[in-house]
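Subject: Structure handover

Hello,

Here is the structure for you to look through. My notes follow below it.

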Amino acid sequence: MTMSRFLASRALWLACACLGCALLGALWLARQAIGEERSGAAAIAQLVARLSALQAAGPAERAAQLAALRAINQSARMRHLRLHVEDAAGRVLVDATPKGDLVHAESQWEIRARDGTVYHAALRWNPDSELREARGDVVGNLAMLGAYSVLLLCCLSWTARRAFAPLQQILDAIGHYERKDYSVRLPAMHIRELDQVRRALNHLAGALAQHQLERRALSRKLLDAQECERARLARELHDEFGQVLTAMRADATYLVRKSAHAPMLQIVANDLAGHCARIQDEVRHLLHRLRPHGGQPDGRVACLPRLLQDLVRGWRGQPGQAVRLDCDVDLGGAVLDPDLTLTLYRMTQEALTNVMRHAGASRASICIVRRGNEVRWCVEDDGSGIGDIAAAMQRSHGLRGMQERAWAHCATLCIGAAEGTGDTRGCRLSAAFPLPAPAHDTAQIPQIPPIPPIPPIPPIPPIPPVPPVPQIHQGSQPA
Ligand SMILES: Nc1ncnc2c1ncn2[C@@H]1O[C@H](COP(=O)(O)OP(=O)(O)OP(=O)(O)O)[C@@H](O)[C@H]1O
Ligand SMILES: [Mg+2]
């Protein structure tokens with residue numbers, strides 16, 4: 001049914017109902033008026049009957065008849081008419097003007113009783129009572145009209161509210177879509193226009209949900225590609241630098257051995273061997289950052305607690321690092337898929353790097369626990385806090401990268417002040433990752449091909465102790 005038809009039909013029904021009520025009211029008023037007319041006519045008829053009885057009455061019944069006439073005369077049923085009776089001497093027997101308000105013209109006649117007594121009767125009328133009646137009618141009609149209008153308005157507003165009630169559902173659904181929750185669908189509506197809006201909104205929500213799904217899948221693909229690229233870089237670094245550095249170190253060691261006769265040369269060769277060892281360490285560290293899962297013999301991603309232990313151990317071992325690090329991982333026996341494991345690892349890695357770089361904290365904690373069907377991740381510190389979060393997000397890539405990683409796994413990164421950090425604000429990053437990932441979501445995400453393992457770096461041959469450098473005498477030439 002179209003909106004206009006719905007409203008017109010409801011208005012018609014309502015108008016009929018209200019008219020019916022008004023008709024009932026009018027009938028009631030008419031009944032009242034007819035009743036009054038009838039009792040007035042009855043009173044006149046009684047009056048006429050009593051006057052006839054007075055004419056026929058002897059002196060004994062006269063007083064009773066006059067009393068009955070007075071009673072009828074004083075009753076409200078007489079409405080605007082009053083009887084006035086005088087005897088031949090002008091004495092008033094039935095007074096039409098007890099309050100002196102009957103002032104208008106009269107019709108009068110003479111009554112001659114059987115005993116010869118003469119009465120002068122007059123029927124006087126007063127328009128005031130008619131005016132009062134007319135006023136009463138007008139007020140009654142106005143009251144009826146007022147009641148009718150109020151009733152009509154109430155019914156119309158009720159109808160309009162009922163007709164537009166589905167709009168609230170539509171607005172609620174739009175609110176969900178604004179918050180990027182496209183799961184809400186609207187039920188069928190009986191107003192055609194609203195149903196069209198509902199269908200369009202449902203279609204839009206479906207398309208947006210699909211789009212969101214595809215974007216998530218794409219995002220995860222990109223993250224996978226990033227991991228693959230990092231793994232490739234790690235392999236190249238390992239293969240190119242690892243071998244060459246080992247060879248350089250062996251050469252330097254050889255030089256140290258063979259330059260016993262040239263102390264300066266030996267010192268330089270020794271330094272060279274030391275530099276090579278340091279670069280090798282750096283490369284090893286870099287390889288670990290690029291590919292935390294590289295330790296697994298089959299190249300697969302290691303389990304999250306192990307990865308995080310390595311990460312925390314790495315930071316604890318950093319010289320000059322004074323932040324106390326706590327790590328609590330309790331997955332309740334759940335085995336996370338490699339994607340999620342890497343996401344949680346990378347997010348923790350970035351969060352800890354931020355703590356060390358920006359927070360000036362004395363303590364930081366990592367907490368990853370499973371609660372029902374989700375994994376809750378949180379990194380908290382007691383440092384200076386982020387301050388303007390929107391500006392921080394704009395400034396660089398770290399937080400945004402974390403946000404994207406969380407989003408790709410249907411979670412939302414929450415950034416705020418740490419709980420119970422006293423006078424410092426601290427920083428708390430958290431996200432809840434649903435477990436397991438929805439089937440339709442994972443179906444579209446290509447699996448990461450297993451990354452070929454990196455062969456272990458060959459052990460570095462021990463550098464023989466450098467013989468003591470002989471004293472160089474001024475003027476003497478080396479042999
Ligand atoms: N734990 C923290 N405590 C205080 N400030 C922080 C913290 N983490 C982030 N910030 C602030 O938020 C900003 C943005 O962080 P983000 O990680 O995005 O960038 P970044 O660390 O400066 O650079 P990068 O892109 O290399 O990560 C930082 O510059 C810093 O000011
Ligand atoms: Mg950062």
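Is strand β1 (residues 81–87) mostly covered or mostly uncovered? Mostly covered: five of its seven residues are buried. Please keep in mind that this is a predicted model.

**β1 and its partners**

β1 pairs with two strands that I want to point out. With strand β4 (residues 118–125) the pairing is antiparallel and runs over seven bridges. Asp 87 stands opposite Tyr 119 of β4 there. With strand β2 (residues 92–94) the pairing is also antiparallel, over two bridges. Val 85 has Val 94 of β2 as its bridge partner. The hairpin of β1 and β2 has four residues between the strands. In that hairpin, Gly 90 takes a positive phi near 90 degrees.

**The chain as a whole**

The protein chain has 479 residues, and 35% of them are buried. Its secondary structure comes to 10 helices and nine strands. Take the contacts between residues at least 6 apart in sequence: 67% of these join residues at least 24 apart. The exposed area is about 28200 Å², with carbon and sulfur atoms supplying 60% of it.

**Helix α6**

Helix α6 covers residues 304–316. Its 13 residues should span 18 Å at 1.5 Å a residue, and the end C-alpha atoms are 18 Å apart, so the two values agree. Which of its residues are buried? They are Leu 304, Leu 307, Leu 308, Asp 310, Leu 311, Val 312 and Trp 315. The cover over these buried residues includes α5 (263–290), β5 (324–330), α7 (338–359) and β6 (363–371).

**Nonpolar cores**

The largest nonpolar core has 39 residues, and Trp 377, Leu 429 and Phe 433 touch the most other members. At least two residues of this core come from each of α6, α7, β6, β7 (374–381), α8 (389–395), α9 (398–408) and β9 (427–434). α7 gives the largest share, eight residues. In soluble globular proteins, nonpolar side chains tend to be buried together.

Trp 377 deserves a look in the viewer. Setting aside neighbours within four places in sequence, its contacts include Leu 344, Met 347, Thr 348 and Ala 351. Cys 367, Ile 368, Met 402 and Leu 413 are also among them, as are Leu 429, Ser 430, Ala 431 and Phe 433.

A second, separate core has 17 residues, including Leu 66, Leu 69, Val 85 and Val 94. Val 85 and Val 94 are the bridge partners named above for β1 and β2.

**The magnesium ion**

Which protein atoms are donors to the magnesium ion (ligand 2)? They are OE of Glu 350 and OD1 of Asn 354, lying 2.0 to 2.1 Å from the ion. Both residues lie in helix α7, four residues apart, about one turn of the helix. An α-helix has 3.6 residues a turn, so residues three or four places apart point the same way.

Are these two donors buried or exposed? Glu 350 is partly exposed, with a relative accessible area of 23%. Asn 354 counts as buried because its relative accessibility is 16%, and buried means under 20%.

**One more residue**

Glu 229 is found in helix α4 (residues 192–258). Glu 229 counts as partly exposed, at 37% relative accessibility. Its C-alpha atom is 9.3 Å from that of Leu 290, although the two residues are 61 residues apart along the chain.

Regards

Terms used:
Residues numbered from 1 in each chain as written. Chains lettered and ligands numbered in written order. Predicted model: local features only at pLDDT ≥ 70, side-chain atom pairs only at ≥ 80, totals over all residues. Heavy atoms only, no water. Buried < 20%, exposed > 50% of the residue type's maximum accessible area, 1.4 Å probe, protein only. Pairing = 2+ DSSP bridges. Contact = heavy atoms within 4.5 Å. Areas by Shrake-Rupley, 256 points an atom, 1.4 Å probe, with all protein chains shown as cover. Expected span 1.5 Å × (residues − 1). Core = buried A, V, L, I, M, F, W, Y, C linked by side-chain atoms within 4.5 Å. Donors = N, O, S within 2.8 Å, 3.2 Å for Na, K, Ca; no water.
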